[in-house]
Amino acid sequence: MTDLSFTPTFRHLNWIDNVDRIRAGGPNGFNVRFDAIAADLHRMATVVQQIDAALALPVNDATGNQHLTPGLDFRPLPFEDSFWDYDQNGVLLGPLGNAGEAVMDLAVPDGIHLQSFRATGKFFVPFKLTLFRVPLLNAGAKPDKLAEISDTTPGIADPFDVTVPVDTALATVDTDTFRYYVLAARSGSADESGNTIAMVQLAYTS
């Protein structure tokens, strides 16, 4: 909101000793001057309320989507000899020369409607980055796949910045029923170059 403004209307004219008489009414009286001050303060309060309302609005993009960009916090799955690590910029480094998987839990607002799943990074060998949900009361159940980015996703390049839609049938977040997470998987290869993940991002509507 950039059209807010406040222009005061009160202009004080100094009284002159031994010339002006103190009085309530008339164009030079206290009532007129204090009424003008009160009117300015009322207009100022209205502008402050408009500013407060504007600051409380969510930041949306041109499509009306809001974005959730969690900090990368992937952990390798137990009993794997693959090694996942981070560089000095916080970029996730896939295991060199080995297959392996790493998982990151997501804290997503309940009731939002997920629109898309985005990831950026570099890849050298086949990989998958998948957004899942799994029932809270049945962690052994087969997880639901909401979206997936891989080396076969149309339009992917190296480095990549890819956005894919979330399955509309699974898009409404229900944190009372499901836990949400991202799984990173790298295929085994003799190639010693590692894949990297620089960012994952969810676009959603309230």
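**Exercise 1. Overall make-up**

How much area does the chain expose, and what share of it do carbon and sulfur atoms supply? Describe the chain's elements as well.

Solution. The model is predicted. Step 1: the exposed area of the chain is about 12700 Å², and carbon and sulfur atoms supply 56% of that area. Step 2: the chain has 206 residues, of which 33% are buried. Step 3: its secondary structure consists of one helix and 11 strands. Read from the N terminus, the order is α-β-β-β-β-β-β-β-β-β-β-β. Step 4: take the contacts between residues at least 6 apart in sequence; 73% of them join residues at least 24 apart.

**Exercise 2. The open sheet**

Work out the strand order of the five-stranded open sheet and name its edge strands.

Solution. Step 1: the order is 2-5-10-7-8, with antiparallel pairing. Step 2: strand 2 (75–76) and strand 8 (144–150) each pair on one side only, and these are the edge strands. Step 3: inside the order, strand 5 (residues 100–106) and strand 10 (residues 178–186) run antiparallel and are joined by seven bridges. One residue pair to look up is Ala102 with its bridge partner Ala184 in strand 10. Strands of a sheet pair through backbone hydrogen bonds.

**Exercise 3. Salt bridges**

Take three of the six salt bridges, and classify each partner as buried, partly exposed or exposed.

Solution. The cut-offs are under 20% relative accessible area for buried and over 50% for exposed, with partly exposed in between.

Step 1: Arg75 and Asp73 meet through their side chains at 3.1 Å, N to O. Arg75 is exposed because its relative accessibility is 51%; Asp73, with 39%, is partly exposed.

Step 2: Arg179 and Asp105 form a salt bridge at 2.7 Å, N to O. This pair links distant parts of the chain, with Arg179 in strand 10 and Asp105 in strand 5, 74 residues apart. Arg179 has a relative accessible area of 34% and so is partly exposed, whereas Asp105 is exposed at 52%.

Step 3: in the salt bridge of Arg133 with Asp144, the closest N and O atoms are 2.9 Å apart. Arg133 belongs to strand 7 and Asp144 to strand 8, so the pair ties together parts 11 residues apart in sequence. Arg133 counts as buried because its relative accessibility is 11%; Asp144, at 26%, is partly exposed.

**Exercise 4. Nonpolar core and nonpolar surface**

Which residues have the most contacts inside the largest nonpolar core, and which residues form a nonpolar patch on the surface?

Solution. Step 1: the largest nonpolar core has 35 residues, and Phe74, Leu114, Phe117, Leu129 and Leu131 have the most contacts inside it. Step 2: among the strands that each supply at least two residues of this core are strand 6 (113–122), strand 9 (160–165) and strand 11 (196–205). Step 3: leaving out residues up to four places away in sequence, the residues that Leu114 touches include Leu131, Leu146, Val173 and Leu202.

Step 4: on the surface, Leu41, Met44 and Val48 form a nonpolar patch with about 270 Å² of accessible area together. Leu41 lies in helix 1 (residues 30–56) and counts as exposed because its relative accessibility is 51%.

**Exercise 5. A cis peptide bond**

Which two residues does a cis peptide bond join?

Solution. Step 1: the bond joins Asp158 and Pro159, with omega about 0°. Step 2: Pro159 sits in the loop between strand 8 and strand 9. Step 3: for context, most peptide bonds are trans.

Conventions
Residues numbered from 1 in each chain as written. Predicted model: local features only at pLDDT ≥ 70, side-chain atom pairs only at ≥ 80, totals over all residues. Heavy atoms only, no water. Patch = residues over 30% accessible without salt bridge, like charges linked within 9 Å, V, L, I, M, F, W, Y side chains within 5 Å. Areas by Shrake-Rupley, 256 points an atom, 1.4 Å probe, with all protein chains shown as cover. Salt bridge = Lys/Arg side-chain N within 4 Å of Asp/Glu carboxyl O. Helix = DSSP H or I, 4+ residues; strand = E, 2+ residues; numbered from the N terminus. Buried < 20%, exposed > 50% of the residue type's maximum accessible area, 1.4 Å probe, protein only. Pairing = 2+ DSSP bridges. Core = buried A, V, L, I, M, F, W, Y, C linked by side-chain atoms within 4.5 Å. Contact = heavy atoms within 4.5 Å.
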